[in-house]
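Here is a guided walk through a protein model and its nucleic acid partner. Keep the viewer open as you read, and turn the model as each region comes up.

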Amino acid sequence: MKPRVRFAPSPTGYLHIGGARTALFNWLYARHTGGTFVLRIEDTDQARNSREAVEVILQGLRWLGLDWDEGPVSGDDMRAGRGDHGPYFQSQRGEIYRRRIAELRDKDAAYEHEGALKFRMGREPVIIPDLVAGDVERKLTDREEIDPDFVIVRSDGQPVFHLVNVIDDLEMGITHVIRGEDHLSNTSKHIALFRAFGVEPPRYAHIPLILNPDGSKMSKRDVGASLATYMDGFFLPEAVLNYLCLLGWSPKDDRQVLPIAEVIEKFDVPQILRGNAKFDMDKLKWLNGEYLKTVTAERFNALCLRELVKAGVATECYPAEYVSAALATYREKYQQLLDQPLSAKFYFSDDFPIDPAAVAEAFVPAARPILDRLIIELGKLAEFTADAIQNLYKPLSKELGVKAGALVLPTRVALTGSKVGPSLYHLMEVLGRERVLSRLAKAATAIA
RNA sequence: GACCCUAUCGUCCAGCGGUUAGGACACUGCCCUUUCACGGCGGUAACCUGGGUUCGAAUCCCAGUAGGGUCGCCA
């Protein structure tokens with residue numbers, strides 16, 4: 001029988017990075033085994049539910065490329081969905097729950113207590129055969145020792161998580177439950193529930209949690225906790241996915257950059273690591289950079305443009321070829337554009353930020369004759385290309401008996417307002433002779 | 001308080017009885033270079049502690065310690 005796995009998030013309005021990894025591991029296992037990946041929305045908590053919150057989850061999974069075989073297709077139409085084990089929203093499965101609750105009552109596995117319905121839990125330790133942690137013997141805690149039974153239907157008639165989760169997994173024919181380790185202790189309850197229904201529980205695999213760098217639990221407000229951070233930021237989904245694969249799983253061959261197809265091929269549940277992992281944004285960024293190197297100019301430009309728009313740099317009045325040529329000079333130094341998007345403004349406006357320290361260092365009196373000479377020579381250049389400009393600067397510095405930096409620095413500061421930036425000769429070619437000459441002239445005048 | 005999981009460089013992983021304990025990120029030295037990057041070549045840095053088992057333990061067992069999780073009419 002082919003495995004059937006599921007990702008069952010609660011629509012809270014954001015997709016947690018840990019949740020994304022849980023989805024990833026389920027997806028990987030399904031794809032590795034040729035099984036089925038089911039998406040089920042656990043929206044029993046009416047208070048924090050909305051179509052938008054469901055959309056956040058669907059869009060997050062789609063962004064990562066984690067396609068599901070069964071489940072909702074949109075948050076708007078909760079009736080529509082792929083698969084024949086629906087509905088895939090718990091809020092629409094009331095009838096199923098009622099039937100199963102009646103079954104437990106009939107079997108005397110549950111009883112009423114203060115308006116609620118409680119499940120008769122055994123007192124013996126439960127063996128949880130976990131694919132990651134091994135056989136776990138779960139004994140009762142001291143509080144459970146007093147009363148091992150637990151509520152499965154609230155006094156307001158709403159069934160609780162433990163119950164609906166088990167019923168859904170049972171009805172949907174889930175064979176492997178791959179979920180966060182925070183559920184490990186509760187699994188004894190789930191196993192007991194399955195047995196009460198007269199069904200063997202699925203196989204369980206509890207994966208370790210993702211922690212903050214300081215070791216604390218990663219929660220909503222922590223840096224990098226929400227997938228939106230990456231979707232809205234300068235990140236490639238394949239890089240995020242790759243990083244997540246490396247957190248708690250390893251290809252065993254010391255490689256870091258792995259195509260997802262290869263991960264699918266190698267992935268298996270028993271190889272998942274047992275310990276929690278701390279989130280390392282630096283490594284994710286490095287990995288992102290590795291992927292960025294291989295991406296098409298179109299995708300790269302789209303990311304850059306989004307950052308420029310955020311920073312208020314208008315590019316729309318420039319020809320597409322110009323914008324694209326300008327962004328190309330940031331290809332190998334995207335980090336700079338990211339950290340300081342305004343530093344790229346010199347391409348799109350004469351009113352760009354100017355670093356006073358750079359001006360003080362570059363526009364010394366000795367720079368005046370150099371700039372004047374450069375203006376003349378650049379004006380005479382037959383072709384205003386990076387190569388031609390470079391071939392002008394090098395000999396000229398020799399002729400003037402100064403280091404190349406003596407020409408380069410004033411030029412760079414005059415053109416960009418900064419000491420750092422893309423390759424000077426290339427950015428000059430992109431900027432074009434007219435803009436270059438006018439900015440150099442302005443700088444030369446300022447020195448005098 | 002009880003129960004459960006975990007424990008190799010700062011971080012993520014490799015190691016599964018005998019290794020100079022390996023790779024990556026980060027940090028750092030040198031080279032390349034018009035700046036900043038990229039890249040290339042190096043460097044610093046780890047087996048939590050204490051008992052066992054064994055000729056021999058990072059590797060197996062136990063305890064302690066530490067970190068995380070769970071014990072809800074939250075999911």
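The paragraphs below begin with the RNA, move on to some helices, and end with a few single residues.

One thing to keep in mind from the start is that this is a predicted model. A good place to begin is RNA strand B, which is surrounded by 62 residues. The closest of these are Asp142, Arg154, Glu181, Gly248 and Lys333. If you look at which part of the RNA faces the protein, sugar and phosphate make up 72% of the atoms of RNA strand B that come within 4 Å of the protein. Sorted by class, the surface near RNA strand B holds 27 charged, 18 nonpolar and 17 polar residues.

Some individual contacts are worth zooming in on. Lys293 places an N or O atom of its side chain 2.9 Å from a phosphate oxygen of RNA strand B. For Lys394, a polar side-chain atom is 3.3 Å from a phosphate oxygen of the RNA strand. The bases take part as well: a polar backbone atom of Glu114 lies 3.0 Å from a base nitrogen of RNA strand B. Several elements give two or more residues to this surface, among them strand E8 (134–138), helix H4 (142–146), helix H5 (161–171) and helix H10 (281–292). Helix H17 (404–416) and helix H18 (424–431) are also on that list, and H18 leads us to the next stop.

How many residues of H18 are buried? Six of the eight are, so this helix is largely enclosed by the rest of the structure. The buried residues are Leu424, Tyr425, Leu427, Met428, Val430 and Leu431. Their cover includes helix H12 (320–328), H15, helix H16 (386–400), H17 and H19. After H18 comes Gly432, which has a positive phi near 95°.

Now turn to helix H19, which covers residues 433–447. Its 15 residues should span 21 Å at 1.5 Å a residue, and the C-alpha atoms at its ends are indeed 21 Å apart, so the two values agree. Which residues of H19 are buried? They are Val436, Arg439, Leu440, Ala443, Ala444 and Ile447. Viewed down the axis of H19, the buried residues fall within an arc of 140°, so they line one face of the helix. Glu434, Lys442, Thr445 and Ala446 are exposed on the other side. Helix H15 (367–380), H17 and H18 are included in what covers the buried residues of H19.

To see one side of that packing, select Leu371, which sits in helix H15. Leu371 counts as buried because its relative accessibility is 0%, below the 20% cut-off for buried residues. Leaving aside neighbours within four places in sequence, Leu371 is in contact with Pro410, Leu440, Ala443, Ala444 and Ile447. Of these, Leu440, Ala443, Ala444 and Ile447 are among the buried residues of H19. Leu371 and Leu437 are 66 residues apart in sequence, yet their C-alpha atoms are 9.9 Å apart in space.

Loops can hold buried residues too. Arg40 is in the loop between strand E2 (36–39) and helix H2 (51–64), and it counts as buried at 0% relative accessibility. Its side chain makes a polar contact of 3.0 Å with the side chain of Glu42. Beyond residues up to four places away in sequence, Arg40 touches several others, including Arg6, Phe7, Tyr88, Gln90, Asp168 and Asp169. Thr175 lies in the loop between H5 and strand E10 (176–180), and its relative accessibility of 12% also counts as buried. The side chains of Thr175 and His176 make a polar contact at 2.7 Å. Setting aside neighbours within four places in sequence, Thr175 is in contact with Met1, Lys2, Pro3, Arg4, Pro202 and Arg203.

Finally, have a look at two backbone angles. Most residues other than glycine have a negative phi. Asp108 is not a glycine, but its phi is positive, at about 60°. Asp108 is found in the loop between helix H3 (94–106) and strand E5 (110–113), where it is partly exposed with a relative accessible area of 46%. Asp254 also has a positive phi, near 70°. Asp254 belongs to the loop between helix H8 (237–246) and helix H9 (260–266), and at 71% relative accessibility it counts as exposed.

How values were computed. Residues numbered from 1 in each chain as written. Chains lettered and ligands numbered in written order. Predicted model: local features only at pLDDT ≥ 70, side-chain atom pairs only at ≥ 80, totals over all residues. Heavy atoms only, no water. Near = heavy atom within 4 Å. Polar contact = N/O pair within 3.5 Å; in protein donor to acceptor, adjacent residues only side chain to side chain. Helix = DSSP H or I, 4+ residues; strand = E, 2+ residues; numbered from the N terminus. Nonpolar A, V, L, I, M, F, W, Y, C, P; charged D, E, K, R; others polar. Expected span 1.5 Å × (residues − 1). Buried < 20%, exposed > 50% of the residue type's maximum accessible area, 1.4 Å probe, protein only. Arc of directions from axis to C-beta. Contact = heavy atoms within 4.5 Å.
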